[in-house]
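This report walks through a two-chain model. It takes the chains in turn, then their contact, then some local detail.

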Amino acid sequence: MTSTTRDLIADLSTSHGEPGWLRERRAAAWHVYETTPAPTWSDEEWRRTDTSWVDWDGAAPAANGADPARLALPMEVSSASALLRQRGSMVEVLYTSPEARDAGVTVVSLAAAADTDGATVADRLGTDLAPPSAGKLQAMNAALWSGGAFVRVPEGAKLTAPIVIVIDAADQPIFPRTLVSTGAGSSADVLEWWRSSQAATLGFANGCVELFVGAGSKLSYTHVQAWGSHTGSFLTQYASVARDAELATTNVTLGGRFHKGAIAATLTGPGANVRLNGMAYLDGEQFADHHTLQDHRTTDAASDLLYVNVLDGSARSVYAGTIMVQPHAQRSNAYQQNRNLMLQRGPRADSIPRLEIMADDVRCTHGSTTSTIDPMHLYYLGSRGLGLDQARSLIVDGTFEPVLDRIPDATVRSAVRTAVRAKLHGTAAA
Amino acid sequence: MTATNGQTTLSIRDLHVSVEDAEILRGVTLDVPAGEVHALMGPNGSGKSTLANALMGHPAYDVTAGQVHFKGRDVLDLETDERARLGMFLAFQYPAEIPGVRVASFLRLALNARRESEISVMAFRRLLLEKMQMLRMDPKFASRYLNEGFSGGEKKRNEILQLAVLEPELAILDETDSGLDIDALRIVADGVNRLRGSDLGVLVITHYQRLLNYIEPDRVHVLIDGRVVESGGKELAERLEAEGYERYGAATTSEDA
């Protein structure tokens with residue numbers, strides 16, 4: 001079984017015309033995958049997160065399955081800088097704006113970039129940030145990814161509209177892979193959206209995102225997970241942020257029955273500034289686990305994290321966040337906050353903050369709150385004529401608002417707000 | 001929105017209210033006709049805020065006997081939001097802070113809940129700016145989160161802004177003067193005075209006579225130990241200011257000034 005999977009990976013790589021180095025990396029990653037044990041309850045990171053449902057032995061390259069549903073795009077094509085859509089393993093670039101073209105921005109499938117931008121991709125794909133050795137899931141993705149998205153923003157290019165990546169899936173396991181790299185002094189917003197219809201039987205998704213934020217550049221990366229209700233989903237999203245660069249990531253978790261996000265930002269140069277934002281709205285039996293890492297490896301850098309979960313039904317969330325300050329990383333400024341709002345008695349939220357501070361001249365703080373809706377808030381809103389449902393939905397909106405506020409691009413913000421409201425008002429719920 | 005033609009807006013008959021099985025109101029009877037401003041005065045613990053919250057339908061306040069009619073309708077079986085949509089309004093002594101909810105978006109939702117057809121975004125903006133100007137509020141106020149980080153004076157002004165935008169037929173002002181400096185008090189009172197008219201009935205609940213120097217009441221009622229013990233004209237408020245509540249034999253000690 002496993003040897004045939006290895007052959008299958010090599011055959012597919014050859015039939016896609018992938019360069020030799022990539023075929024070798026896939027083979028090496030598959031070897032790491034096979035020799036890495038699956039996560040178990042005894043690993044600290046997986047103690048609250050059940051992965052026993054994952055068919056580790058059945059992992060294989062995506063087969064051709066049903067055609068993904070034709071879902072509406074999250075925004076008008078013309079309000080994007082570029083729009084790349086992956087359906088199953090097939091990638092199309094639907095639009096590139098004149099502005100993006102003039103600025104020399106590259107938005108293509110990762111498979112194509114392995115050829116056309118071979119040096120950059122070989123240098124950065126699964127090397128420093130998310131190598132196969134990071135874990136079994138990362139190794140699985142490195143061996144099996146198909147299609148993928150490659151975004152390169154050249155030095156000094158400043159985009160005023162977002163680059164949009166849409167991943168549509170139907171019934172076959174999917175392994176999205178994204179590589180973003182911003183040149184010195186550039187500025188861009190990227191929105192990646194994972195989707196399948198509620199009726200889709202997609203069972204497994206395992207994606208990997210690597211963000212290289214170049215010196216003095218600004219990147220905002222927003223990720224929306226909106227799979228249908230059958231999907232178990234993994235996301236690895238690692239970033240490195242250079243001197244004087246700014247990164248804002250926002251992870252929006254709406255869909256699936258299971259979601260595990262491993263989100264990390266490594267601050268590598270002085271003046272780096274990172275905001276890690278997250279919001280999840282979970283209902284029914286949904287489960288979402290976010291592990292975050294703010295890794296300060298330089299002096300004089302700042303990171304600020306805000307993760308908000310709203311839980312209904314008997315949903316469960318885990319938030320575990322680490323601030324790590326390396327011994328030489330003096331004058332680090334790091335903040336971490338997790339807020340959980342329960343809409344009724346059924347849900348449960350675990351919040352596990354961790355500080356690992358090895359330098360002595362730092363400012364690091366964290367906070368965590370878990371609350372239910374305050375009856376006084378409902379009374380106050382009621383006294384202004386808002387019924388119970390309206391008041392609750394306003395309070396939920398308000399709970400997410402500080403996160404939405406941190407999405408710099410108005411088009412992206414509005415697309416995310418629309419998706420959250422749609423779920424809140426039941427139009428997308430299972 | 002029907003005109004009330006001077007008829008009684010609010011009619012309270014023999015109202016008994018308990019909180020956690022302790023009877024606080026022990027038979028309150030009071031009428032507020034349309035267009036009139038009535039003051040309800042009393043020492044701490046006399047039941048003033050209990051009356052305000054019982055009128056608005058706070059779930060923790062248990063009406064054990066009596067009746068409340070608003071515009072001729074029995075409202076005791078209505079939820080708080082239903083009373084509000086009928087035209088009742090309570091300006092809170094301690095308004096709730098609701099993070100993430102902007103003043104403007106909240107008020108537009110609240111106004112639409114009162115209306116049969118939605119107000120357009122532009123028309124609402126104009127209305128809001130006009131009312132904010134009246135209350136001498138910075139337009140930036142509209143995009144702040146509802147009461148979060150507001151000073152005491154800002155919270156009270158925000159309550160009166162809501163009153164001005166929602167245009168109810170009954171406004172209950174619960175200790176609106178507490179925590180206000182004299183300038184803020186004047187602005188708030190000025191706002192209320194501009195809203196006085198043929199339709200709006202106002203029940204001003206206050207410990208002190210100070211507010212009544214600025215909002216002149218048509219009638220003054222004295223609440224002691226959960227009962228209205230005396231009613232009169234505005235001179236009654238002045239007498240209370242001079243003499244205190246002791247003549248009613250009430251336990252009037254713990255003032256919160």
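## Chains, core and contact

Of the 257 residues of chain B, 45% count as buried (20 or more other C-beta atoms within 10 Å of the residue's own; exposed means 12 or fewer, partly exposed in between, with C-beta atoms placed from the backbone). This is a predicted model, in which local features need pLDDT of at least 70 and side-chain atom pairs count only at pLDDT 80 or more, while totals for chains, interfaces and linings use all residues. Residues are numbered from 1 along each chain as its sequence is written, and chains are lettered from A and ligands numbered from 1 in the order in which they are written.

**Overall build.** Chain B has seven helices and 10 strands (DSSP runs numbered from the N terminus: H or I of at least four residues for helices, E of at least two for strands). Its radius of gyration is 18 Å, close to the 18 Å from the globule rule for 257 residues, so chain B is as compact as a globular protein of that length. The radius is taken over C-alpha atoms, and the rule is 2.2 Å times the number of residues to the power 0.38. Chain A has nine helices and 19 strands. The radius of gyration of chain A is 21 Å, close to the 22 Å that the rule gives for 430 residues, so chain A too is as compact as a globular protein of its length. In chain A, 54% of the 430 residues are buried.

The table sets out the spans of the C-alpha traces and the contacts (C-beta atoms, placed from the backbone, within 7 Å).

| Chain | Span along principal axes | Share of contacts with a separation of 6 or more that join residues 24 or more positions apart |
|---|---|---|
| Chain A | about 65 × 50 × 50 Å | 81% |
| Chain B | about 55 × 40 × 35 Å | 72% |

**Core.** In soluble globular proteins, nonpolar side chains tend to be buried together. Here the largest nonpolar core has 201 residues. Such a core is a set of buried Ala, Val, Leu, Ile, Met, Phe, Trp, Tyr and Cys residues joined through C-beta atoms within 7 Å. Among the residues with the most contacts inside it are A:Val241, A:Leu247 and B:Ile172. Leaving aside neighbours within four places in sequence, B:Ile172 touches seven residues: B:Ala52, B:Leu55, B:Phe89, B:Leu90, B:Ala91, B:Leu203 and B:Ile205.

**Interface.** In all, 22 residues of chain B are in contact with 19 residues of chain A. On the chain B side, α2 (80–86), α3 (103–114) and α5 (152–166) each supply at least two residues. The largest share, five residues, comes from α3(B).

**Helix pair.** α5(B) and α6(B) (182–195) pack at about 10 degrees, with axes 10 Å apart. The two helices are therefore roughly parallel (an angle under 35 degrees). Among the residues in this contact are B:Ile160 and B:Leu163 of α5(B), and B:Ile187 and B:Val188 of α6(B).

**Positive phi.** Most residues other than glycine have a negative phi. B:Glu20 has a phi near 45 degrees and lies in the loop between β1 (8–19) and β2 (22–33) of chain B. With 8 C-beta neighbours inside 10 Å, B:Glu20 counts as exposed. B:Glu175 has a phi near 50 degrees and sits in the loop between β7 (170–174) and α6 of chain B. With 22 C-beta neighbours inside 10 Å, B:Glu175 counts as buried.

Methods. Two residues are in contact if their C-beta atoms, placed from the backbone, lie within 7 Å. Axes are lines fitted to C-alpha atoms, for helices over the stretch in contact, and angles run from 0 to 180 degrees between N-to-C directions. Angles under 35 degrees count as roughly parallel, over 145 as roughly antiparallel, 65 to 115 as roughly perpendicular and the rest as oblique.
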